[in-house]
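Thank you for letting me take this slot today. Please look at the sequence and the structure together while I talk, and stop me if a term is unfamiliar.

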Amino acid sequence: MTETARRPTIRDVASVAGVSSGTVSRVLNGRNWVSPESKAAVQAAIKKTGYRVNGAARSLAMSRSNTIAFLLTETQAVLFEDPNFAALVRGTSAELGKRDISFVLIMAGDEAEQNRALNYVAAGHVDGVLLAFTSAHGNPLVERLIQANVPMVSAGQPLGFEGELGVVAADDLQGAIAMTKHLQSRGRTRLATVAGPRDTPGGRARLEGYRRTLGDDFDAALVRHGDYTRDSGVAAMQSLLEADPTIDAVFAANDAMAAGAIDVLLRSGRRVPEDVAVGGFDDSAFATSTHPALTTMRQPFDRISAEMVRVLLDIIDGAGTSTMMLPTELVVRQST
């Protein structure tokens, strides 16, 4: 008695074509965000394997909205004040536009907005969510979206939700290590830091990179925390100078706080970088608007945006969640 042959699956087609299962699914569903080379490989693999489309699955796929939401769990002021969020909105919108996918921006900065956002997304108006946040720790909206099985990719790892959604992020830890080493290479020995919020992954990782690089020279008295705004950088730098006037370098966890630190240093009569070197993080518009221009760690926002879209589309097409860490780049300017 012969064994009945197993019906070929999408995974079989993907293996033969040398592409992901998500790419195969997009070809089968007639989506137009697949390269000609990949499309040809998939079509050849379908013929070789004898794969046949599951009619029910195809009907489900074709019922999608072809719309993706960019969800910002902050107030509208943050979108306009923080150039990082603006860069992600522009980048992901452009990437989706290349694939002829509609884009909707949802603000969810308070409880009422979060409830409306959940109802909108859960009603099927979008196929998935691109998430951006300052702190998603303890945010009920993120937890409720995960419980609703909404395909989701976050720019950065929300604390407390590890492994429960896709993540694309810059390597904050290694970036902070690189910046701290750069300041040390300038002969600086009293290195202070203006760290980010304690409840954010970036705030924690960048502080850890600074602490790890200093090793036995780490001094908790030279650490202040800000909220990523320029004003918080001003307050932190004032406090640091009062605690130790001999500080000769400062690593701020983002460019806005670094700009605030430079404001205080110049007003106090200190020269940058001759007396105090200053480094930031992000390579945002703040980095080239300070005087002197700011040495910083460049986050690859174009690539982050592209990978967020790619990973989300793969999750929508049935792939599991994944985490991608992208390298940062030291950009040396006049502040160090």
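Let me begin with Arg206, which lies over the face of Phe281, at 3.9 Å from the ring centre. I should say at once that this is a predicted model, so please hear everything that follows as a description of a prediction.

From a charge over a ring we can move on to rings beside rings, of which the count comes to three aromatic pairs. In one of them, the rings of Phe70 and Phe103 have their centres 6.2 Å apart and their planes at 45°, and because that angle falls between 30 and 60 degrees, the pair is called tilted. This pair links distant parts of the chain, since Phe70 sits in strand β1 and Phe103 in strand β2, 33 residues apart. Phe70 is buried, at 0% relative accessibility, whereas Phe103, at 25%, counts as partly exposed. Another pair is made by Tyr210 and Phe218, which meet edge-to-face, with 6.0 Å from centre to centre and 75° between the planes. Here Tyr210 is buried, with a relative accessible area of 1%, while Phe218 is partly exposed at 30%.

Now I would like to turn to two helices. Which residues of α3 are buried? They are Val42, Ala45 and Ile46, and they cover an arc of only 105° around the axis, which puts them on the same side of α3. The general reason is that an α-helix has 3.6 residues a turn, so residues three or four places apart point the same way. On the other side of α3, we find Pro36, Glu37, Lys47 and Lys48 exposed, and the cover over the buried residues includes α1 and α2. Just after α3 comes Gly50, whose phi is positive, near 75°.

Helix α8, which runs over residues 140-147, has Leu141, Val142, Leu145 and Ile146 buried, and these cover an arc of only 135° around the axis, so that they lie on the same side of α8. They pack against β1, α7, β3 and β4, and β1 is the strand in which we already met Phe70. Following α8 is Asn149, whose phi is also positive, near 60°.

Finally, let me step back to the whole protein, which has 14 helices and twelve strands. Of its 336 residues, 52% count as buried, and among contacts between residues at least 6 apart in sequence, 73% join residues at least 24 apart.

Technical notes:
Residues are numbered from 1 along each chain as its sequence is written. This is a predicted model: local features need pLDDT of at least 70, side-chain atom pairs count only at pLDDT 80 or more; totals for chains, interfaces and linings use all residues. Side-chain values use heavy atoms; hydrogens and water are left out. Helices (H or I, at least four residues) and strands (E, at least two) are DSSP runs, numbered from the N terminus. Buried means under 20% relative accessible area, exposed over 50%, partly exposed in between (1.4 Å probe, protein chains only). Contact means heavy atoms within 4.5 Å. The arc is that of the directions from the helix axis to the C-beta atoms. Rings of Phe, Tyr and Trp (its six-membered ring) pair if their centres lie within 6.5 Å; planes under 30 degrees apart count as stacked, over 60 as edge-to-face and the rest as tilted. A charge sits over a ring if NZ of Lys or CZ of Arg is within 6 Å of the ring centre and within 35 degrees of the ring normal.
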